[in-house]
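Hi,

Here's the structure I promised to pass on. Have a look at it first, and then read my notes below.

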Amino acid sequence: AATAPRIPPTRLALHHFDTNYSLQLKGLWPSVRAGLLCEQKYGALLNSFAAVDHVTQELEVLGATDFVSEASREGAAAEMSPLPRASVSSNIKCYTFPRGDIARFRPARPDALGLLDYYLMDAASLLPVLALNVQPSDLVLDLCAAPGGKTLALLQTGVCGHLAANDVSISRTKRLHQILHSYVPKEIRETVSVTSHDGRDWEQLEGSTFHKVLVDVPCTTDRHSVTEEDNNIFHKRRTKERQMLPMLQLQLLMAGILATRPGGKVVYSTCSLSPLQNEHVIERAVEIAETQFDISIHVEDLSHFRTLFQDTFSFFSDCRLGELVLPHLTANFGPMYFCKLSR
């Protein structure tokens, strides 16, 4: 008997998204869909550990600007009280080209000591790190740290008392080690402990320890799913794994909450548009924390991020909890969902 033609996972992903996201995003979906299918836009996260003065000048000559300090400046100028000034960590510098400018950054280069000058990443990936708002001497946990962009950004704040970077995948942890070696001097690397535990078990290792926890969970990686055949979660053999994602995400978020000391903060993030992986996970975690652990969790309002960063990113205005960056042809970052919880 003839076998049914193999449908590529990218096609399956797009069909799945067309069915679900058109209901969620309604009239916005065609524009978001076009963004997902087109080339992603990057930001250049400046490496403060390298000699980068000339790099700053080079990027500015090309027309790129540091979106973090631009937002801080505009926020201060508008005196947008009750916005806490500390909500944007000004030590992080990330250069982006303006809306509608699709220029590309050159590859990173080493300085005289061999440290690379910047790290190219989706600039929206910095928003969860900015939302975490690390303060001097904070003990910080990055629960699902590989491949390492957010870990590097956490170190660029320059204020982590200690950073625990964990990822269940040993091969991905190797990539994390490579990034730390390429960007971070030895004396700073020694303040980072890299581990390969199952993040779901973290509370048994170090419960109620950290001031700040980042839980950047595995997800359907929507952009990757519609553009890359390799390692695609929509591959037929990974159906069960995909269906179990919200449960895994919930378990990881619960572990993150339990790893946080009372008064500490957790930021949950995904690179998916799916409410099942975003708001629903937050709601269930808040409920379980309350009923099973007698922990009262407050979901923080991050709507000021929308105002601060509206020139750089396109935000979804109807997100029930947290914030969601939507891909858009003139600002093709994301998707990136992030939500801040305080214990």
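One thing before we start: this is a predicted model. I'd begin with two helices, α12 and α13, whose axes come within 10 Å and cross at roughly 50°. That angle is neither under 35 degrees nor in the 65 to 115 range, so α12 and α13 count as oblique to each other. The crossing of α12 past α13 is right-handed.

Who does the touching? On the α12 side the contact uses P246, Q249, L250, L253, M254, I257 and L258, while α13 brings V281, I282, R284, A285, I288, A289 and F293. Sort the residues of that contact by type and you get 12 nonpolar, one polar and one charged.

Now zoom out a bit. The largest nonpolar core in the model has 46 residues, and L253 and L273 are the ones with the most contacts inside it. Both of our helices feed into this core: α12 (245-259) and α13 (279-293) are among the elements giving it two or more residues, and so are α1 (9-25), α2 (29-37) and strands such as β8 (210-216) and β9 (260-270). The largest share, nine residues, comes from α12. As background, nonpolar side chains tend to be buried together in soluble globular proteins.

L253 is a nice one to click on. Beyond its neighbours within four places in sequence, L253 is in contact with V215, V266, Y268, V281, I282, A285 and L341. Apart from the core of L253 there's another one, with 45 residues, including M121, L154, C160 and L214.

Cheers

Technical notes. Residues are numbered from 1 along each chain as its sequence is written. This is a predicted model: local features need pLDDT of at least 70, side-chain atom pairs count only at pLDDT 80 or more; totals for chains, interfaces and linings use all residues. Side-chain values use heavy atoms; hydrogens and water are left out. A nonpolar core is a set of buried Ala, Val, Leu, Ile, Met, Phe, Trp, Tyr and Cys residues joined through side-chain atoms within 4.5 Å. Buried means under 20% relative accessible area, exposed over 50%, partly exposed in between (1.4 Å probe, protein chains only). Helices (H or I, at least four residues) and strands (E, at least two) are DSSP runs, numbered from the N terminus. Contact means heavy atoms within 4.5 Å. Axes are lines fitted to C-alpha atoms, for helices over the stretch in contact, and angles run from 0 to 180 degrees between N-to-C directions. Angles under 35 degrees count as roughly parallel, over 145 as roughly antiparallel, 65 to 115 as roughly perpendicular and the rest as oblique. A crossing is left-handed if the near helix is turned anticlockwise from the far one by less than a right angle, and right-handed if clockwise. Ala, Val, Leu, Ile, Met, Phe, Trp, Tyr, Cys and Pro count as nonpolar, Asp, Glu, Lys and Arg as charged, and the others, Gly among them, as polar.
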